[in-house]
Amino acid sequence: EVRKEERYRVILDSLNDAIHVVDPGLRIVLCNKVFRDWCERLGLPSDLRGRSVIETLPFLPEKVRREYEHVLATGESLATEEQTEIGGREYVTQITKVPIKEGGRVVGVITVVHDITEERRLRDEMLQAQRLEALNLVAGSIAHDFNNLLAGVLTNLEAAKGKPLE
């Protein structure tokens with residue numbers, strides 16, 4: 001049994017996402033190295049076991065408590081995207097909460113936090129570049145049409161200069 005638990009811990013610690021497990025009282029019962037390192041960088045307690053996830057992560061919005069309560073009550077998984085400011089830095093994360101069921105009862109929730117801040121920044125930059133490219137195409141088209149119109153006006157002016165008025 002101890003060997004199995006150690007194997008699971010090694011697997012969890014090998015993952016790149018921050019993972020923590022809470023019991024029905026929303027106390028942390030297990031977390032991986034990425035989550036512990038993340039908490040340490042934020043100046044949060046290093047010994048997280050038994051602590052309330054809501055108290056441990058004070059920057060979490062109130063809706064997070066309701067999300068945990070929903071998963072615990074319904075047994076349904078929940079996926080959300082969060083934008084959080086921590087220490088003056090903006091983070092964008094995809095968060096998945098998955099119920100842990102034993103004998104048909106929900107006995108906890110596994111939370112997987114995937115940081116997509118950089119991916120979102122790159123996507124936003126690409127969208128901005130695409131918008132600028134589209135704007136350049138529209139501006140180029142307008143300039144071309146205006147040039148054609150102006151050429152017609154100038155041609156007619158030149159023709160009109162050459163004709164005597166009656």
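Start by selecting glycine 43 in this predicted model. Glycine 43 follows helix H2, and its phi is positive, near 75°.

Now step back and select H2 itself, residues 33–41. Which of its residues are buried? Colour Phe35, Trp38 and Cys39, and you have them. Look down the axis of H2: these buried residues fall within an arc of 95°, so they line one face of the helix. There's a simple pattern to keep in mind here: an α-helix has 3.6 residues a turn, so residues three or four places apart point the same way. Spin the view to the face turned away from that buried side, and you'll find the exposed residues Glu40 and Arg41.

Stay with cysteine 39, which is buried with a relative accessible area of 0%. Add cysteine 31, also on the buried list at 9% relative accessible area. Why is there no bond between the two sulfurs? The sulfur of cysteine 31 is 6.9 Å from that of cysteine 39, its closest cysteine sulfur, and that is too far for a bond. A disulfide would need the sulfur atoms within 2.5 Å. The disulfide count comes to 0.

For the last stop, jump to lysine 97 in strand E4, residues 89–102. Is lysine 97 buried or exposed? Buried, with a relative accessible area of 2%. Show its side chain together with that of glutamate 67: the two make a polar contact at 2.8 Å. Then bring up the other residues lysine 97 touches, including Val64, Tyr68, Val71, Leu78 and Ile110. Glu76, Ser77 and Thr80 are among its contacts too.

How values were computed: Residues are numbered from 1 along each chain as its sequence is written. This is a predicted model: local features need pLDDT of at least 70, side-chain atom pairs count only at pLDDT 80 or more; totals for chains, interfaces and linings use all residues. Side-chain values use heavy atoms; hydrogens and water are left out. Helices (H or I, at least four residues) and strands (E, at least two) are DSSP runs, numbered from the N terminus. Buried means under 20% relative accessible area, exposed over 50%, partly exposed in between (1.4 Å probe, protein chains only). A polar contact is a pair of N or O atoms within 3.5 Å; within protein, one must be able to donate a hydrogen and the other to accept it, and residues adjacent in sequence count only if both atoms are side-chain atoms. Contact means heavy atoms within 4.5 Å. The arc is that of the directions from the helix axis to the C-beta atoms.
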